[in-house]
Amino acid sequence: MTTVFGVPLPAILGQLMLGLVNGSFYALLSLGLAVIFGLLGVVNFAHGAFYMLGAFAAYIGLQFLGVNYWLALLLAPLAVGVLGIIIERLFLRHLYQLEPIYGLLLTFGIALIAEGIMRSQFGASGKSYPVPELLRGGFNLGFMVLPIYRAWVVLASVTVCGMTWFLIERTRLGAMLRAATENAKLTQAFGINVPVMVMLTFGAGVALAALAGVLAAPVVQVSPLMGSSLVIVVFAVVVIGGMGSIAGAIVSGLVLGLIEGFTKVIYPEASNIVVFVIMAVVLIWRPAGLFGKEQ
Amino acid sequence: MRAEFTVNLVLVLFALLAPFLGLYPVFLMKLLCFALFACAFNLLFGYTKMLSFGHAAYFGSAAYVTGWLVTTRGWGTIEGILAGVVVSMLLGLVIGAIAVRRQGIYFAMITLALAQVVYFICLQAQFTGGENGLQSIPRGSVLGILALSGDRTMYYFVLAIFIAVYLGIRRIVHSPFGQVLKAIRANEPRAISLGYKVDRYKLVAFVLSASLAGLAGSLKALVLGFVTLTDVSQDTSASVVLMTLLGGSGTFLGPVVGANVVVTLEEYLSDLVGSWVSVIIGAIFVVCIMIFRRGFVGEIQRRFRRRTDSP
């Protein structure tokens, strides 16, 4: 059997596949984080909590309301997005003229509230969510078995990321969004309703996090704390990619997922910290991040 | 100024008498340790506006080092504390050197991410006891002369250190160095154009803050006799931010007040409401950010100043 670093090849490919799946979640989450940061100047600490709420929305939908996976894929991001919009209107809106760290602290408080409520309702232990029937089983590739659901997660997230990128970089709506990011006052002077755009952008970014949550529900345990450590990794991912860059967030999300998977094979003890170590190295070498521009 | 002096005097008298007023000394010491931690954090956040979201890394790693040395290596109490402080200082130097390269929220995210590295190292290393943490850490004695096993003796030991550090922080803030920090906070480009090596000042402030956070952690390990992963976790980092904000960042007494409120809340609420405690803490965070950004002491000082300023 072929081995690399003394590890059989199928094991490596299996870990890389897991890494790619994680990378898809990183990409979806850091994309939303980057879009929100670009327009609102807010680092959304509650991003992990919204991811968790997305997964829980799917779980609750299936358990209590009979909403299947495919419907949840649509409804959960919608519901969580609306919640995000409410939070933006009630709280975040009043902080834009202050220093950005207040936005970070506020969203942190919101994350604590969301996690605490879910924990008191559902307990701290993980809930499992069944893989939808259509996506069960795996392809036999000869050298390894590729679970269909994992392939679907990667495919779905890459597609959504690509569509978001296209929407922002190549359409008229995206042009307005970019204009507002560049100079909100001037954009508003041209007759574009920037406050509404800000609100919808926050909702959309949060909905992306919830979508990642629904996609993750069948492969990870659905638990109130599933997002709290993930959000720190995603922070590191966007620092590496460069905060303002959409493409940078997507690419570094996927690549770092792969690197993490690879580290699990060759040196498992370091797999939890490899992303942070890369972040430190990138900061020393290029303080603005790989794809970021120095202001 | 005079009013502030009176307040401080009353507080010191109260702290001296507290063990005789029927208050539980171990709880009082816990309050002092977290107040010290919050003061250390405030030295950085309150006077430079650098929000470190990973201060538990210094608090916790010093607690682990002191606990480990005292328990399994047979080190003396003072040497153990000093070793803890040195480790947190070095850690602060490494993390600070990387983090001061970016400002504002980036700084917060980077300190958070690097603190997570420290957390995982503590989780996996041998000497920390992993998930179990360190237990039954002896308090030892001060240089073999004064045994610290009694709660009251230990209390006065911790109180003495706390007062010394509190006065030290006041001194630092009022010193020329402290003035430069405030200048950087007010207008960084201007401070640079005046010729100050801004990054170096920030790094020194960061290392000072990390070392004092470490001191607080070492004392906490000795006071409670155990160290767990919570001490290096994100929760502890967040709770020191909350203490400082709630009490009033950039004021001397603010962090002390905030630490007392938060620790007391956590202590009593966790029995009362279970997992709702994080909902309550989160709600306090939100209220604090939305309508109460100056904190208790900051708000009082503002009212007081306004009254004395108007003729």
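In this predicted model, V204(B) counts as partly exposed, because 18 C-beta neighbours lie inside 10 Å. V204(B) is placed in helix α9 of chain B, which covers residues 198–224. In sequence V204(B) is separated from A97(B) by 107 residues, yet the two C-alpha atoms are 9.6 Å apart in space. A comparable case is found in chain A, where L18(A) lies in helix α1, residues 9–40. L18(A) also has 18 C-beta neighbours inside 10 Å and therefore counts as partly exposed. Its partner in space is G257(A), 239 residues away in sequence and 8.2 Å away from C-alpha to C-alpha.

The overall dimensions of the two chains were then considered. Chain A contains 11 helices and four strands. The C-alpha trace of chain A spans about 65 × 50 × 35 Å along its principal axes. For 295 residues, a compact globule would be expected to have a radius of gyration near 19 Å, and the value for chain A is 19 Å, so the two agree. Buried residues make up 51% of the 295 residues of chain A. When contacts in chain A are restricted to residues at least 6 apart in sequence, 76% of them join residues at least 24 apart.

Chain B has 13 helices and two strands. Its C-alpha atoms fill a box of roughly 55 × 45 × 45 Å, taken along the principal axes. The radius of gyration of chain B is 19 Å, in agreement with the value near 19 Å for a compact globule of 311 residues. Of these 311 residues, 49% count as buried. Contacts in chain B between residues at least 6 apart in sequence join residues at least 24 apart in 77% of cases.

The contact between the chains involves 33 residues of chain A and 31 residues of chain B. On the side of chain A that touches chain B, the elements giving two or more residues are α4 (100–122), α9 (230–241) and α11 (274–285) of chain A. Among these, α4(A) gives the most, with 16 residues. By class, this side of chain A comprises 25 nonpolar, five polar and three charged residues.

Helix packing within chain B was examined for two pairs. Packing of two helices is described by the angle between their axes and the distance between the axes. In the first pair, helix α2 (residues 25–48) of chain B packs with helix α6 (residues 151–174) of chain B at an angle of about 15 degrees, and the axes are 9 Å apart. Since an angle under 35 degrees counts as roughly parallel, α2(B) and α6(B) are roughly parallel to each other. Their crossing is left-handed. Residues of α2(B) in this contact include L28(B), L32(B), L36(B), C39(B) and Y47(B), and those of α6(B) include Y155(B), V158(B), F162(B), Y166(B) and I169(B). The contact of α2(B) with α6(B) has 21 nonpolar and two charged residues, and no polar residues. D151(B) and R152(B) are among the residues that α6(B) brings to the contact with α2(B).

The second pair consists of helix α3 (residues 56–72) and helix α5 (residues 104–124) of chain B, which pack at an angle of about 25 degrees with their axes 9 Å apart. The helices α3(B) and α5(B) are therefore also roughly parallel to each other. The crossing in which α3(B) passes α5(B) is left-handed. In this contact A56(B), A57(B), G60(B), S61(B) and Y64(B) of α3(B) meet A115(B), V118(B) and C122(B) of α5(B). By class, the contact of α3(B) with α5(B) has six nonpolar and two polar residues and no charged residues.

One backbone feature lies in the loop between α2 and α3 of chain B, which is the place of K49(B). Most residues other than glycine have a negative phi. K49(B), although not a glycine, has a positive phi of about 60 degrees. K49(B) is buried, because 20 other C-beta atoms lie within 10 Å.

Key: Residues numbered from 1 in each chain as written. Chains lettered and ligands numbered in written order. Predicted model: local features only at pLDDT ≥ 70, side-chain atom pairs only at ≥ 80, totals over all residues. Axes fitted to C-alpha atoms, helices over the stretch in contact; angles between N-to-C directions. Parallel < 35°, antiparallel > 145°, perpendicular 65-115°, else oblique. Left-handed = near helix turned anticlockwise from the far one by under 90°. Contact = placed C-beta atoms within 7 Å. Nonpolar A, V, L, I, M, F, W, Y, C, P; charged D, E, K, R; others polar. Buried ≥ 20, exposed ≤ 12 C-beta atoms within 10 Å, placed from the backbone. Rg over C-alpha atoms; globule rule 2.2 N^0.38 Å.
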